[in-house]
Amino acid sequence: GLFHARRHNTDVQAAAGRVEQAEALLREAEALRWPTLGLNAAATRQRSSALAPGGTGAAYETYQLAGTTSFEIDFWGRLRRASEAARAQALATDYAREVVWQTVSGSVAQSYFTLRMLDEQIALSRETLASREESLRLLQLRLQTGAATRMEVEQAEAERAEAAVQWRELQRQRELVRSQLALLTGQPALQLEPGRLGDMPLPPVPPPGLPSALLERRPDVRQAEALLAAANAQIGVARAAMYPSIVLTGAAGGLSTELADLLKSGARFGSLGLTLDLPLFDAGRRRAQTAQAEARQREALATYRAAVLAAFRDVGDALTDWEAARAAQADVEAAAQASERALRAAQQRYEVGYASYLELLDAQRSAYAARLRVVENRRAQLSATVAVFKALGGGWSAPERLTASRDSGHRER
C-alpha cells in the first residue's frame, strides 16, 4: 500500500513536481554568478552609388563574426545571496515533499487499521445478527405453545432489525474506508479481502526520556528552518540592490568582405566595456523592498517557532493517546470476559425460567459492546503508535547524522 502511495498518490506527485521546479530555479540562480557567452554573426549586401564621389556602383558583401561576454562583478554579494536563498528554498521544497509523504503514509496506515477494525466489527455484527434471528425463531415457537409472550417476540424482532441495521452500516463504513485507501494509494480498483486486526502485532513501547533532538529531523521543522534561511538571504539581496552594480562586457571577432578572410588578423576587432548602474533616487522603492524582506524574515522566524511548538505538542498528544490506549487494554479485555460470563449465566437463568427475556437482552448487548471495545482499543494503540512515529519524524531511534552533529558540537566547544 505505501509503495503504491509513494508512486501513484497525486499529492506526492505534485510535491515531487514542486521539488523539480525549485531545483531548476536554484540552477538558474547559480548560473547568474558566471559570465555569459554569446556568438553573433551577420552578413550584409550593399551597393555604392555611381553618382557619389568615388562611387563605382558595384555591389559588395560584408561578413561579421563576433563573440560577446557579460559578467556582473558581485561586489555586494547580491548574486551570492540570491543563490543562497534559492538553495534554501529548494531545500525547503524538498522537506515539504517529505511532509506530504509523511501525511499520506500516516493516512494510509490509519485507514488500513480502521478497515481491519471494521472487518472484525462486521464479523461480530454478523454473529450477533445470526444470534438474534435464532432467538426470534425460538420465541416464535414458544409463543405457539404459550411459553413466551407476544411482547417478548416483538422485542426479539426489534433486536433482530437493529442488528441488521448495524451490520449494514458497518459494511457501508468499510466501503468508504476502502475507497479512501484506493484514493491514497492511487489504485481506483483496490480490493482488500477481510482480515483481523488482532492478527497484527502491537508495536514496541516507546522508551522513556526521548531526546528533544529527535524533533530536529521532522520535515516540517526543517522546512521552516530552511525558509527562515531563505528569508535571511533575501534581506541581503534587497540590501545589495541599494548599491551600484558593475557589469563588464566585451566583444571580439572579425569583419571582412570575403568570407574566407573573415578571421585573418587584419580583419579582427575587439572591445571591452564597463557599465555602472548607480541608484540615485527611486522614491524609496529599494528601501521599501528591503523592509519587505526584513518583514518576511520576521514572519519566517515566527513560523519556525510555531513549527517547533507544534512538534512538541504533537509528540505530547501522541504519547498521551498511546499511553491511554495501552493502559486501557487490560480493562477492556477483562470487561469483555466478564460480560461473556454474565451472558452465559443470563442464558442459563432464562432457559430455566429464573430470568426474563429483557435480562437476557441486556446481557447480550453488554457482551457485544464489550467485544467491540476490545477491537476499538487495539486500533487506538496501533493508530497512536503511528502518530508517535510521525510526531518524532520517524520513530525514536536517533539518526546517525544527529548523533554525529551533537558529538562534533561537543568537540568544538
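**Figure 1. Secondary structure of the chain in the predicted model.** The chain holds eight helices and four strands. From the N terminus onward, these elements are arranged as α-α-β-β-α-α-α-β-β-α-α-α.

**Figure 2. Burial, surface and contacts of the chain.** The chain has 413 residues, and 34% of them are buried. About 24,600 Å² of the chain is exposed, with carbon and sulfur atoms supplying 56% of that area. Of the contacts between residues at least 6 apart in sequence, 80% link residues at least 24 apart.

**Figure 3. Packing of helix H3 against helix H5.** Two packed helices are described by the angle between their axes and the distance between the axes. H5 spans residues 219-240, and H3 spans residues 78-145. For this pair the angle is about 160°, and the axes lie 8 Å apart. Angles over 145 degrees count as roughly antiparallel, and H3 and H5 are therefore roughly antiparallel to each other. The crossing of H3 with H5 is left-handed. Residues in the contact between H3 and H5 comprise 16 nonpolar, six polar and six charged ones.

**Figure 4. Surroundings of Gln102 in helix H3.** Gln102 belongs to H3. The relative accessibility of Gln102 is 19%; because buried means under 20%, Gln102 counts as buried. Leaving aside residues up to four places away in sequence, Gln102 is in contact with Pro219, Lys390, Gly393 and Gly394. One of these, Pro219, lies in the residue range of H5.

Technical notes:
Residues are numbered from 1 along each chain as its sequence is written. This is a predicted model: local features need pLDDT of at least 70, side-chain atom pairs count only at pLDDT 80 or more; totals for chains, interfaces and linings use all residues. Side-chain values use heavy atoms; hydrogens and water are left out. Helices (H or I, at least four residues) and strands (E, at least two) are DSSP runs, numbered from the N terminus. Buried means under 20% relative accessible area, exposed over 50%, partly exposed in between (1.4 Å probe, protein chains only). Contact means heavy atoms within 4.5 Å. Accessible areas come from the Shrake-Rupley method with a 1.4 Å probe; for residues, only the protein chains shown count as cover. Axes are lines fitted to C-alpha atoms, for helices over the stretch in contact, and angles run from 0 to 180 degrees between N-to-C directions. Angles under 35 degrees count as roughly parallel, over 145 as roughly antiparallel, 65 to 115 as roughly perpendicular and the rest as oblique. A crossing is left-handed if the near helix is turned anticlockwise from the far one by less than a right angle, and right-handed if clockwise. Ala, Val, Leu, Ile, Met, Phe, Trp, Tyr, Cys and Pro count as nonpolar, Asp, Glu, Lys and Arg as charged, and the others, Gly among them, as polar.
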